[in-house]
Amino acid sequence: MECLMKYILVHDLGTSGNKATLFTTEGEIIKSEVATYETFYHGEVNVEQNPDDWWHSVIESTKRLIEGIKVEDIAVISCSGHMQGMVCLDKQGEILYNSLIWMDQRSVAQMEELKSNLSEERIYQITGNRMSPVYTLEKLMWMRDEQPEIYNKIYKVLNTKDYITYKLTGAFVTDYSDASGTHALDITERCWSTEMLAAANIPLEIFPELHESIDIGGYVTDSAAQACGLIQGIPVVCGGGDGACGTVGAGSINDGDAYCCMGTSAWVAITSSHPVIDEKGTAMNIAHVIPGKLIPIGPMSSSGVAYQWGVDLFAKVEKLKAEATGVSIHTLVEEEMRKSSVGSNKLIFLPYLHGERSPRWDPEARGVFFGLTSNHTTGDMLRAILEGITFNLSLIFDVFKEYIDVKEVSLIGGGVNQLQQQILSDMFDVPVNTVANSRSASAVGAAVVAGMGVGIYKNFDAVNKFIELNETYTPIEENVATYKPLKDIFDRVYLNLADVYKAL
């Protein structure tokens, strides 16, 4: 039966806060509200959040969002949230410990234990993901070893958006995309891996029911309705992890649809029917919110943060000029970078200011300027940073092209300026399409998932109601030719320094 309701309510739980958005079924944003919450840092690697803070942010943002709205017209609710976390609940659904979020890396010893019980190669084949202390499974092992009195009370372990689904409906459920961030999912068989759980010595029973993202996880309870100002009985779709929802929001819904997200960090990802399991372990693989699909993804650590570091360090004159004239410092910096040549006058920058994930997977890697001379300018330095970021992304993209035919790439997050967008096209050697309002990509993806779950939409092509392309950048042949040998040098500089990093 066709749904006559008008609105889709989405909560996108990011690391710094929850963005609640009310969409029409035609893809129009009626209103957005943000409610922030605190992140607790304990030392260098312990990073936690209080799940109750997430719930209070949902209550607060929902109440503001629905002012003046007829709540009976809300057809469905869906959530997206940051992945690889751990919310431990007892049988009464009470929180036993703060959530160890995706940034938390305290479980290195447990990662080594898991690796000793099952080879790295086998773990990669099962889960589609390399070894890392960030995953839920390793965090549970840490809880078992370091907080046994809490671990022994665990009834269910959930992730970020799943906890909100539980608070709204009372159901302990997750979807395949979030499950693939636990290190406990068999990425091919789409089930909890008994082999991984046995190697970790963690019981299957504490994990929630697995569902497709578009499945209805439950319905808003009376108590949740009263807390949020909603009505009882609204369906809550299982939703997805932020990366998977963002993939839909980028328009990546068919095999070979690739996109790049440029923000504080950056990644290249692609929709596929098969995982990308390469010899170097370049890609992570997460389950798509689209049933049966996967998302090979290569995340790098420092993108926007490396650019901002360069601006802060090298663009002091431009900063003073911006303050005096009111012109954006980023406009002035772009003007300076455009005075440099393609290839930054043969200056190479390795953007590994915080170690590196893909394609290096080397926490000891560090930033490097290579080829520096007294002739290099501020513009050369800043352009080299942009090019270094993009060289790294293009190495990831080259691996994907070996497995999947890619004809173009969508860009979300925007990058820092138009120059970087052209550099991306030149290095990837494919057209790059910028997506309007792309900072809401995860919320858009969650909205499409919600609409699919209650039959508002017949297929994921409905995302085209929500997004539109801005500009297309096409490769400039001479730039492509210039970058190819420089990319080889970029790669060789890292490979020749890999042992030196360890010595440092």
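## Helix 4 and its surroundings

The buried residues of helix 4 pack against strand 7 (87–89), strand 8 (99–100), helix 2 (108–117), helix 5 (148–151), strand 9 (156–158) and helix 8 (194–200). Contact here means heavy atoms within 4.5 Å. Buried means under 20% relative accessible area, exposed over 50%, and partly exposed in between, with a 1.4 Å probe and protein chains only. Helices (H or I, at least four residues) and strands (E, at least two) are DSSP runs, numbered from the N terminus.

This is a predicted model: local features need pLDDT of at least 70, side-chain atom pairs count only at pLDDT 80 or more, and totals for chains, interfaces and linings use all residues. Residues are numbered from 1 along each chain as its sequence is written, and side-chain values use heavy atoms, leaving out hydrogens and water.

Helix 4 spans residues 136–146, and nine of its eleven residues are buried, so the rest of the structure largely encloses it. The buried set is Thr 136, Leu 137, Glu 138, Lys 139, Leu 140, Met 141, Trp 142, Met 143 and Arg 144.

## Asp 104

Asp 104 sits in the loop between strand 8 and helix 2. Its relative accessibility is 0%, which counts as buried. Its neighbours include Lys 139, one of the buried residues of helix 4. Discounting residues up to four places away in sequence, Asp 104 also touches Val 45, Asn 46, Val 47, Pro 133 and Val 134.

Two polar contacts involve the Asp 104 side chain. A polar contact is a pair of N or O atoms within 3.5 Å; within protein, one must be able to donate a hydrogen and the other to accept it, and residues adjacent in sequence count only if both atoms are side-chain atoms. The Asp 104 side chain reaches the backbone nitrogen of Val 47 at 2.7 Å. It also meets the side chain of Arg 106 at 2.7 Å.

## The 4-5-8 sheet

Val 47 belongs to strand 5, where it is the bridge partner of Tyr 41. Strands 4, 5 and 8 form an open sheet in the order 4-5-8, with antiparallel pairing. The edge strands, each pairing on one side only, are strand 4 (40–42) and strand 8. Strand 4 and strand 5 (residues 46–49) are joined by three bridges. Two strands pair if DSSP finds at least two bridges between them.

## Asn 159 and Gln 84

Asn 159 lies in the loop between strand 9 and helix 6 (160–169). It is buried, at 4% relative accessible area. Its side chain reaches the backbone nitrogen of Gly 85 at 3.3 Å. The C-alpha atoms of Asn 159 and Gly 85 are 5.5 Å apart, although 74 residues separate them along the chain. Beyond four places in sequence, Asn 159 touches His 82, Met 83, Gln 84, Gly 85, Val 87 and Asp 178.

Gln 84 falls in the loop between strand 6 (74–81) and strand 7. Its phi is positive, about 65°, although it is not a glycine. Gln 84 is buried too, with a relative accessible area of 13%.

## The cavity

The whole structure holds one cavity of 30 Å³ or more. Its volume is about 80 Å³. Val 157, Leu 158, Asn 159, Asp 162 and Thr 182 are the closest to its centre among 13 lining residues. Strand 9 and helix 7 (176–179) each give at least two residues to the lining. By class, the lining has six nonpolar, five polar and two charged residues.

A cavity is a set of points on a 1 Å grid over the protein atoms alone where a 1.4 Å probe fits but cannot get out; lining residues have an atom within 4 Å of a point. Points are joined across faces, edges and corners, and the volume is the space filled by probe spheres set on them. Ala, Val, Leu, Ile, Met, Phe, Trp, Tyr, Cys and Pro count as nonpolar, Asp, Glu, Lys and Arg as charged, and the others, Gly among them, as polar.

## Strand 17

Strand 17 (residues 258–262) has five of its five residues buried, so it is largely enclosed by the rest of the structure. Ala 258, Cys 260 and Met 262 point one way, and Tyr 259 and Cys 261 the other.

Strand 17 runs antiparallel to strand 18 (residues 266–270), with five bridges. A three-residue hairpin connects the two. Cys 261 bridges to Trp 267 in strand 18. With strand 23 (residues 409–412), strand 17 pairs in the parallel sense over four bridges. There, Cys 260 has Leu 411 as its bridge partner.

## Backbone outliers in one loop

Pro 359 lies in the loop between strand 21 (348–350) and strand 22 (368–370). The peptide bond from Ser 358 to Pro 359 is cis, with omega near -5°. Trp 361 is found in the loop between strand 21 and strand 22. Its phi is positive, near 50°, in a residue other than glycine.

Conventions: On a 1 Å grid over the protein atoms alone, a cavity is a set of points where a 1.4 Å probe fits but cannot get out, and a pocket is an open set with protein on both sides within 12 Å along at least five of seven lines; lining residues have an atom within 4 Å of a point.
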